[in-house]
Amino acid sequence: GYTSPYGYEFVGCRRRLIPNASTSRCYMFAVQAMAVWSCAVLAGSPGCGKTETMKELGRLLGRFTLDLNCSAEVTYSTLTSMLAGLCHSGVWGCFDRIGFLPEGVLSVMAQQFASILDAQRSGEWKGTW
């Protein structure tokens with residue numbers, strides 16, 4: 001089985017998310033994605049709790065989760081800087097409103113995610129997940 005290392009990141013005393021069947025399914029989906037070195041993408045209507053669910057999973061696993069809002073003003077160099085920071089620090093990233101990214105930036109994002117995940121799968125990656 002897969003065991004996720006606990007990150008020991010204290011994120012403060014916050015109100016916790018009340019677990020239900022939907023959050024449990026999201027947790028299982030995300031942990032299974034991590035076990036095979038992949039990404040978890042949650043889809044749903046605005047305001048249904050996708051971001052808060054992933055932030056709560058990060059809290060449960062002792063990981064700081066950074067919420068990154070995407071917009072049409074995000075360039076590929078900005079995105080590259082964000083991903084480099086996430087990779088070097090081991091912080092989880094939650095990309096909100098990814099549909100607002102221009103097509104070219106979305107393409108660069110997909111290529112960079114593929115490169116990062118390929119490095120993790122091959123064992124060349126020495127960072128933290």
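1. Let's start in helix α2, where E56 and R59 form a salt bridge whose closest N and O atoms are 2.8 Å apart. This is a predicted model, so please read each distance and angle here as computed from predicted coordinates. The two partners sit three residues apart in α2, about one turn of the helix. Both E56 and R59 are buried.

2. E56 has a second partner. R16 also forms a salt bridge with E56, and here too the closest N and O atoms are 2.8 Å apart. This pair links distant parts of the chain: R16 belongs to the segment before α1, while E56 is in helix α2, 40 residues away. The two ends differ in how covered they are. R16 has a relative accessible area of 49%, so it is partly exposed. E56 has a relative accessible area of 3%, so it is buried, the cut-off being under 20%.

3. How many salt bridges does the model hold? The count comes to three. The remaining pair to mention is R121 with D118, with 3.3 Å between the closest N and O atoms. Both residues lie in helix α4, three residues apart, about one turn of the helix. R121 is partly exposed, with a relative accessible area of 45%, and D118 is partly exposed as well, at 46% relative accessibility. Salt bridges that share partners join R16, E56 and R59 into one network. As general background, side chains of opposite charge can pair when their charged atoms come close.

4. Staying with helix α2, please have a look at T51, which lies in that helix. Is T51 buried or exposed? Its relative accessible area is 16%, so T51 is buried. Leaving aside residues up to four places away in sequence, T51 touches D67, C94 and D96. D67 falls within strand β1, which spans residues 65–69, and C94 and D96 fall within strand β2, which spans residues 92–96. If you have the structure open, T51 is therefore a handy place from which to follow contacts between α2 and the two strands.

5. Now to the strands themselves. β1 and β2 pair in the parallel sense, over five bridges. Within that pairing, L66 has G93 in β2 as its bridge partner. Between the two strands, the chain leaves β1, passes through helix α3 (residues 76–89) and arrives at β2, making a right-handed β-α-β crossover. Strand β2 is mostly covered, with four of its five residues buried. A general point to keep in mind when viewing side chains: in a regular strand they alternate between the two faces of the sheet.

6. Helix α4 (103–122) deserves a paragraph of its own. The helix has 20 residues and reaches 29 Å from its first C-alpha to its last, close to the 28 Å expected at 1.5 Å a residue. Which residues of α4 are buried? They are V105, M109, Q112, I116, L117, A119 and Q120. These residues cover an arc of only 155° around the axis, so they lie on the same side of α4. What covers them includes helix α3 and strand β2. The face turned away from the buried side carries the exposed residues E103 and Q111. After α4 comes G123, whose phi is positive, near 90°.

7. Finally, two backbone angles are worth a second look. Most residues other than glycine have a negative phi. W37 is not a glycine, yet has a positive phi of about 55°. This residue lies in the loop between α1 (21–35) and α2 (50–60), and at 31% relative accessibility W37 counts as partly exposed. R97 likewise has a positive phi of about 55° without being a glycine. Where does R97 lie? It is in the loop between β2 and α4. With a relative accessible area of 56%, R97 is exposed.

Methods:
Residues numbered from 1 in each chain as written. Predicted model: local features only at pLDDT ≥ 70, side-chain atom pairs only at ≥ 80, totals over all residues. Heavy atoms only, no water. Buried < 20%, exposed > 50% of the residue type's maximum accessible area, 1.4 Å probe, protein only. Pairing = 2+ DSSP bridges. Right-handed = clockwise from strand over helix to strand, strands pointing away. Expected span 1.5 Å × (residues − 1). Arc of directions from axis to C-beta. Contact = heavy atoms within 4.5 Å. Salt bridge = Lys/Arg side-chain N within 4 Å of Asp/Glu carboxyl O.
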